[in-house]
Amino acid sequence: MRLSLAARLAVSSLLVLPVILGFSAFALDRAFTDSLRKAELEALRAQLYSLLGAAEPSDQNRVLQLPEVLAEPRFNRPLSGLYGRVLNTESQVLWQSESTPPSPPVGKPAPAWQAGTEQFGELEVNGAPYFVLRFDSLWEIAGTDTLFRFEIFHSQDNLRTELASYRHLLWQWLGGLALLFVLAQLLITRWGLEPLRHLAQELKIFQQGGQKQLAGQYPPEIAPVITNLNSLLEAEQAQRKRYKNTLADLAHSLKTPLAIIRADLEQRSDHLETIDEQLTRMANIIQHQLQRATLTTTTSLREKTLLAPIFERLTGALSKVYREKGFTIELQVDKALYFPGDESDALEVFGNLLENAFKYGERLVLVEASTRDKALVIDISDDGPGVAADMKQTILARGARADSSIQGQGIGLAITTDILSSYSGQLDVTDAVHPRAKGARFRVTIPL
């Protein structure tokens, strides 16, 4: 049988509950019994003082005399459960009350005589339990000090009846408290587990697409778990988004090589070397994009790629695609400059930027590369219409385009930004400042 967590906690508390109730019952019973014994001692002491007050020494008989009728009526009523007597040092009974039973008390031997000593204990009388209070009193009779022992006996029947009633009531209350404790434990456990039930509901809503993260209010003990779950969910959503974007990126990345192949085939069909190069590039792009889909950051920072050959290859290929425009290409790239990553990323980043320059430019594409403040700075400018001020940031978003009249998917710059972010780099869109290229300028800045 499978139990809920609340039921498990309740059962575990029940295992401890009998021990707690046992100790509580023992402590309460002991305290109540002690209080009854103390009350009994005080009551017997009061009866003892009444006998001492009523006793009168007799010089003639050298004994103590007590009245036939005492103030306490139970002393005068036979078998009332309370009786007293007076003994001399030879343990002879000099006086006893009318209530004294016929059989003498049975118990341990009487303690030694000592003036002013009080002893309280228990013994049996006719097989019934009694309390006894003894007091040794010194009296001056006929000029001589004489020792007498006063004994007060009281039946334990009333005390035991009262104690039994108390114990019965005690266990009733403890049983009721145990039941209330179990119910309270169940309620407290359900209340304590409420955040977990709320978490399960939020996860279900998340699974159904109703929310993107766990946003409920949780106790401090659970808050770190919620934070870690949100991080895990964000990572999982980002991973799914990467897979989705990779498909679009892959299609976009293959577009330019296919266009180059198509243009080359239209021009001359015997350029097998060019076709083979572009097909190889397509295969590399596919492999590179699939790797990017499964990695959170690029691992290509360990590699370096010469920039000049990259720009020469890209501008040469794009010149064939846009040959009808008759572009003039100016490359101001030092032969010693490196891109701090692998060739696939360099081709993807600068291929997208150069393709925009060729697509929107009229006749001039200018590439300038240099190092400034421990960073690689590359400017790609064209002589096209430029980018409106309100679109300079918008076009960097996936699917956004400055001119919808020209064919495209609007994801090239988003791919570029994504790749640059893995190198802690950035892409800025400004107006070109070259005298002959006053269109748009795309500036790539990568820390070295």
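Two strands count as paired here if DSSP finds at least two bridges between them. Keep that in mind as you click around this predicted model.

**The whole chain**

Start zoomed out, with the protein chain shown as a cartoon. You should find 9 helices and 15 strands in it. Of its 448 residues, 41% count as buried. The accessible surface comes to about 25,800 Å², and carbon and sulfur atoms hold 56% of that. Now think about contacts between residues with a separation of 6 or more: 63% of those in the chain link residues 24 or more positions apart.

**Select 128-155: a hairpin**

Next, pick out strand S7, residues 128-141, and strand S8, residues 144-155. The two run antiparallel and are paired over 12 bridges. Want one pair to look at? Show Glu140 and Asp145, since Asp145 in S8 is the bridge partner of Glu140.

Now slide to the turn. S7 and S8 make a hairpin with 2 residues between them, and Ala142 in that turn has a positive phi of about 55 degrees.

Is S8 mostly covered or open? Mostly covered: 10 of its 12 residues are buried. While you have a strand on screen, remember that side chains in a regular strand alternate between the two faces of the sheet.

**Add 82-87: the other neighbour of S8**

Bring in strand S3, residues 82-87, which is antiparallel to S8 and joined to it by 6 bridges. To see how they line up, select Leu82 and look across to His154 in S8, which stands opposite.

**Widen to the full sheet**

Which order do the strands of this open sheet follow? Reading across its 6 strands, you get S4-S3-S8-S7-S6-S5, with antiparallel pairing. Strand S4 (93-96) and strand S5 (105-106) are at the edges with a single partner strand each, so one side of each has no neighbour in the sheet.

Stay at the S5 edge for a moment. S5 runs antiparallel to strand S6, residues 118-125, and 2 bridges join them. Select Pro105 and you'll find Val125 in S6 opposite.

**Last stop: Glu330**

Jump to residues 328-332, which form strand S10, and highlight Glu330 there. Is Glu330 buried or exposed? Its relative accessible area is 19%, and buried means under 20%, so Glu330 counts as buried.

Now show what surrounds it. Setting aside neighbours within four places in sequence, Glu330 is in contact with Leu364, Val365, Leu366 and Val367, along with His434 and Arg436.

Notes
Residues numbered from 1 in each chain as written. Predicted model: local features only at pLDDT ≥ 70, side-chain atom pairs only at ≥ 80, totals over all residues. Heavy atoms only, no water. Buried < 20%, exposed > 50% of the residue type's maximum accessible area, 1.4 Å probe, protein only. Helix = DSSP H or I, 4+ residues; strand = E, 2+ residues; numbered from the N terminus. Contact = heavy atoms within 4.5 Å. Areas by Shrake-Rupley, 256 points an atom, 1.4 Å probe, with all protein chains shown as cover.
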